[in-house]
Amino acid sequence: MSNKEVKAALKSARDAIRNKEYKEALKHCKAVLKQEKNNYNAWVFIGLAAAELEQPDQAKGAYKKAIELEPNQLLAWQGLANLYEKPNQTDVKGDLADVYQKLLELYESGDKQKWCDVCNKLVELYHQEKKYLEVAETLQKLIKMKQDEGAEKAELHQLWKKMIHLLKDSTRNQDNKTGQLLLAAFEQALLSADTVPGDDHQNLCKDFIECLSRFPHEVARLEKACHDMVALYPTESYPLEVLCLHFVQSGTLSEEALDCFSRLLEMDANSGPGIIGFGIKCLKENKYKEAVKNLTEGLQKTNQCPAAWHYLAEAQMKIHEHKNAVLSCNKALEALGTPEGPNLRWKNLALQLKAETLIKIADADAAEEAIEALELIVDGSNDPVVSALRGQAYLNKGLMDQASKISQELLLSHPDLAEAHALEGFIHYSQKNYEQAEKSFLNAIERKAGTAEYHQYLGLTYWFMSDETKKDKGKALTQFLKAAKLDSYLGSAFCYLGNYYRDIAGDKSRARGCYKKAFELDETDEESGTAAVNLSVELGDMDTALSILNEVTAKARPGTAKWAWLHRGLYYLRTGQPSQAVADLQAALRADPKDSNCWESLGEAYMNRGSYSTALKSFRKASELNPGLVYSIYRAAALEQILGKYENAIATYQQILKKTENYVPALKG
């Protein structure tokens with residue numbers, strides 16, 4: 001086949017392809033290749049025809065042969081790109097990206113429009129493959145090409161926005177370089193916006209700030225972006241909200257942060273971040289109840305703020321709402337997820353605070369949970385304060401040996417650590433070694449005088465050490481007063497002050513005030529509540545006694561607060577109000593159905609009301625529970641007599657006289 005015949009065969013192949021006669025085209029090409037096995041065009045035409053005949057492997061082989069022959073010729077590369085772009089071609093995306101890269105190289109010095117088309121295709125391909133760095137770098141090349149060609153500002157703006165759109169949802173998986181390219185795209189888009197201020201620009205500002213808030217190390221850039229947006233859009237609360245949350249999460253309470261909280265609340269009094277900020281300010285000013293109120297309200301509106309949950313737990317801990325504080329710590333840990341960088345610090349703080357709170361709850365289950373929390377603190381084994389907490393948790397769990405081991409190790413390695421001496425004190429106190437406990441708590445106070453708990457335990461040590469130290473004003477009383485002054489929410493300190501004034505000083509009025517304060521701080525403290533009521537009765541102040549009892553019974557769930565129901569029931573019984581007495585004594589029995597004295601009092605109330613049959617049942621129940629209650633047996637006999645059951649009454653009287661020969665009411669009966 002001569003050169004002329006080869007050209008004719010190639011022309012025939014081209015015409016056959018144009019007419020969609022692909023098999024015919026293949027015949028012509030094969031004839032050419034018999035004569036010239038390295039004919040570039042013949043291999044390209046075979047690739048084209050085979051692709052149309054759904055023979056992808058043959059097509060791919062033909063194009064690759066052509067490329068091998070002429071690596072810088074366009075046709076084979078274009079054909080291979082078209083082949084790989086077909087829907088039935090799978091697992092070729094990596095190869096297609098390489099083809100596009102070669103086409104960019106070949107088009108670069110020639111057809112700029114085709115170069116841009118291939119560039120856009122490559123960007124789309126990388127995006128499908130989640131290769132975000134390649135997306136960013138390819139788009140950057142496209143934008144540079146457009147800039148060199150003198151493209152309009154509006155076209156460049158759209159390209160920067162396209163880069164943002166393709167990259168912004170990927171910040172969680174991004175490497176630092178991709179992140180920086182995304183942030184640069186935002187900055188360029190903002191610079192190239194047409195109308196400033198304007199809706200498009202405002203939305204971009206918001207998106208930029210939202211994106212920056214996902215980069216923990218871009219603090220300066222975030223603050224600048226927020227301040228820039230505030231300056232341009234002074235009525236928009238969003239940048240101030242982000243700034244407030246940033247200050248909250250950073251753990252700093254600078255003048256700038258306080259100013260930010262105030263400005264936001266002026267703009268929107270219901271703003272979650274603003275209310276959270278105000279709550280933290282209250283916490284720092286020791287206004288703990290106000291802090292709890294504001295932080296709780298703020299977190300109802302903005303709940304994904306780990307630092308705010310931690311601050312709420314801290315405030316709840318200060319007012320001894322221990323169970324609520326544990327729940328808040330759990331919320332902080334839930335919001336943190338699996339943290340890195342600055343958030344790891346918050347995780348450690350939340351775990352430590354949770355453990356401290358659980359130790360205050362002081363039961364074995366809480367102690368176990370505290371130990372688990374302490375185990376999760378990163379590098380906690382190297383922190384002596386964490387070790388001291390672990391020792392307290394072991395002590396609460398009854399593991400004395402482990403607690404003692406930690407105490408001894410800490411005293412050797414950190415002799416100046418207050419927590420080490422306090423742990424030793426708690427161990428001695430639990431073993432009733434009061435003289436050693438005294439030394440330990442004095443050592444702890446010497447190193448950390450502002451801790452109410454140390455003074456409280458030193459006071460308790462003196463209280464139980466001896467009558468002499470209990471009565472010595474400079475011992476127990478002084479320590480309880482110091483504890484109450486340092487922590488005005490420490491109910492147990494006020495309870496023991498009440499014990500001192502009642503039992504040692506004989507000052508009923510002052511004792512009543514202390515018990516009342518202790519009970520107001522902790523409504524589960526029945527000892528203080530009962531003492532406050534009894535002392536009010538002794539002082540002739542029934543109004544105060546009743547106001548305490550009414551408050552408790554109003555809040556009590558069924559089956560709880562027995563002491564309050566019983567006290568009020570007995571008051572109604574004494575003051576001739578039997579119906580009210582019946583209702584209250586029944587409520588007391590729901591809390592403790594086995595209290596024989598309560599059944600006896602209920603029988604008395606029914607009898608005073610004239611409900612003799614029910615009274616009889618109550619007295620019988622009382623004597624069943626406690627056969628030694630002679631009065632209940634006598635009352636049962638008297639009621640049988642009233643109801644005309646004479647034989648039963650005689651038998652019951654005789655039963656009493658067998659036990660107590662000279663029981664006059666039974667003899668009379």
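This report describes two helices and one surface patch of a predicted model.

Residues are numbered from 1 along each chain as its sequence is written. Local features need pLDDT of at least 70 and side-chain atom pairs pLDDT 80 or more, while totals for chains, interfaces and linings use all residues, and side-chain values use heavy atoms, without hydrogens and water.

Helices are DSSP runs of H or I with at least four residues, numbered from the N terminus. The expected span of a helix is 1.5 Å times one less than its number of residues.

| Helix | Residues | Number of residues | Span between end C-alpha atoms | Expected span |
|---|---|---|---|---|
| α10 | 176–192 | 17 residues | 24 Å | 24 Å |
| α21 | 384–396 | 13 residues | 19 Å | 18 Å |

In α21, 11 of the 13 residues are buried, where buried means under 20% relative accessible area with a 1.4 Å probe, counting protein chains only. Among them are P384, R390 and Y394. The buried residues of α21 pack against α19, α20, α22, α23 and α25, contact meaning heavy atoms within 4.5 Å. At the N-terminal end of α21, D383 acts as a cap, with a side-chain oxygen 2.9 Å from the backbone nitrogen of V385. After α21 comes G398, which has a positive phi near 85°.

The buried residues of α10 include G179, F186 and S192. Their cover includes α8, α9, α11 and α12.

On the surface, Y612, I642 and L643 form a nonpolar patch with about 250 Å² of accessible area together. L643 lies in the loop between α36 and α37. L643 counts as partly exposed because its relative accessibility is 34%, and partly exposed lies between under 20% and over 50%.

Key. Helices (H or I, at least four residues) and strands (E, at least two) are DSSP runs, numbered from the N terminus. A polar contact is a pair of N or O atoms within 3.5 Å; within protein, one must be able to donate a hydrogen and the other to accept it, and residues adjacent in sequence count only if both atoms are side-chain atoms. Patches are made of residues with over 30% relative accessible area and no salt bridge: like charges are joined within 9 Å, nonpolar side chains (Val, Leu, Ile, Met, Phe, Trp, Tyr) within 5 Å. Accessible areas come from the Shrake-Rupley method with a 1.4 Å probe; for residues, only the protein chains shown count as cover. A salt bridge is a side-chain nitrogen of Lys or Arg within 4 Å of a carboxyl oxygen of Asp or Glu.
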